[in-house]
Amino acid sequence: MYLTDLSLYILHFKNSSFIHNLIISRSEEKQKNGVKWSFLEHKGPVFAAPYEPLPKNVKFFYNGQTMKLSEDAEQIAGLYAKMLDDDYTKKKIFNKNFFEDWRAYMTDEERKVITDLSKCNFKQLHAYFMDLAEKNRNRTKEEKLALKEKNEALLKEFGFCTIDGHKEKIGNFKIEPPGLFRGRGEHPKMGKLKRRVEAEDVIINCSKESTIPVAPPGHKWKEVRHDDKVTWLASWTENVQNQVKYIMLNPSSKLKGEKDWQKYETARKLHQKVNKIRENYQIDLKSKEMKIRQRA
């Protein structure tokens, strides 16, 4: 942002209700030693829906012959089949990475048979998923209403947390389903499997006194922490780029607002020194040293 715009920016927000609320939040008693909260309770993340096997009439072919795949192999084959019309499936590195990861989930017998991706025929799987997508786009009014009510129920149960007596909205409480990594440009890892995230991958963060979220049946959390110096509610590491993913509070939450308040406070302090800054760079523009002129 240019300094000439900064004054207007501050004047615009100085008297706004948003800044007013942030200042009220700031005036409340602050935690010490970096502590962000005293009490944090939530229901944990919503995991991707379980895999639904393909109908028996949808066939996979290898080298012209029908082949029944194991559930894991079929699920990953379906991820590729959905992308048959995409340019990614025409890229050598994408196909190489996909085939390597796919074979890792095959049974020993499947690996003995399926040795060449070019001999795989995913056309029936692709047609099935395209038909399914079309049906979803053409849902009836009643079906759309039922889906809306289902999503609202999920939001009500999992989309909010309690933090220091306040009910706060959670930004992203759903974990994305498995898929194939695309990346930007010619990414060397394109085509690799983004595997399904399970409870065993997830670290839960909440207060000791809270009701700890219940893991899905048959599963348990990787770890339950009580770290009051961070604001994330759950985290896991995705397998392709080993990046840590977080479930965080919504930007409109009190703690997020506190961070915004700090940014505006910095802007207000800078506003008091704008004239001095301008004076300095006007002088530097006339400097004999090129580096100083360039900096100005």
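**Exercise 1. Work out which helices and strands build the wall of the largest pocket, and which gives the largest share.**

Solution. Start with the elements that each supply at least two lining residues: α3 (71–81), α6 (123–137), α7 (141–158) and β7 (179–180). Keep in mind that we're looking at a predicted model here. Next, pick out the top contributor: α6 brings five residues, the largest share of the lining.

**Exercise 2. Describe the largest pocket by volume, lining and chemical class.**

Solution. First, the volume: about 1,300 Å³. Then the wall, which takes 34 residues; those lying nearest the centre are Ala49, Pro50, Glu52, Lys82 and Pro177. Finally, sort the lining by class, and you get 20 nonpolar, nine charged and five polar residues.

**Exercise 3. Explain why the largest pocket lies between domain 1 and domain 2.**

Solution. Take the domain bounds: domain 1 covers 30–47 + 142–248, while domain 2 runs over 60–138. Now check who contributes to the lining. Both domains give residues to it, so the pocket sits between them.

**Exercise 4. Compare the annotation of residues 130–157 with the geometry of that span.**

Solution. Begin with the record: an unreviewed UniProt entry lists 130–157 as "coiled-coil region". Turn to the model, where the span is 89% helix and 0% strand. As for its reach, the end C-alpha atoms are 32 Å apart.

**Exercise 5. Decide whether Glu223 and Asn205 are buried, exposed or partly exposed, and place each in its surroundings.**

Solution. Take Glu223 to begin with. It belongs to strand β10 (residues 223–225). Its relative accessibility is 32%, and because that falls between the 20% and 50% cut-offs, Glu223 counts as partly exposed. Setting aside residues up to four places away in sequence, Glu223 touches Val202, Ile203 and Ile204.

Now Asn205, which is part of strand β9 (residues 203–205). With a relative accessible area of 0%, Asn205 is buried. Beyond its neighbours within four places in sequence, Asn205 has contacts that include Trp37, His42, Arg225, Asp227 and Trp232.

To finish, relate the pair: Glu223 and Asn205 are 18 residues apart along the chain, and 8.6 Å separates their C-alpha atoms.

**Exercise 6. Sum up the whole protein: how many helices and strands, what share is buried, and what share of contacts is long in sequence?**

Solution. Count the elements, and you have 10 helices and 12 strands. Then burial: 33% of the 296 residues count as buried. Last come the contacts between residues at least 6 apart in sequence, of which 63% join residues at least 24 apart.

Technical notes: Residues are numbered from 1 along each chain as its sequence is written. This is a predicted model: local features need pLDDT of at least 70, side-chain atom pairs count only at pLDDT 80 or more; totals for chains, interfaces and linings use all residues. Side-chain values use heavy atoms; hydrogens and water are left out. UniProt positions are given in the numbering used here, feature names are shortened, and annotations may be inferred rather than shown by experiment. Helices (H or I, at least four residues) and strands (E, at least two) are DSSP runs, numbered from the N terminus. On a 1 Å grid over the protein atoms alone, a cavity is a set of points where a 1.4 Å probe fits but cannot get out, and a pocket is an open set with protein on both sides within 12 Å along at least five of seven lines; lining residues have an atom within 4 Å of a point. Grid points are joined across faces, edges and corners, and a volume is the space filled by probe spheres set on the points. Ala, Val, Leu, Ile, Met, Phe, Trp, Tyr, Cys and Pro count as nonpolar, Asp, Glu, Lys and Arg as charged, and the others, Gly among them, as polar. Domain bounds come from an automatic or database domain assignment. Buried means under 20% relative accessible area, exposed over 50%, partly exposed in between (1.4 Å probe, protein chains only). Contact means heavy atoms within 4.5 Å.
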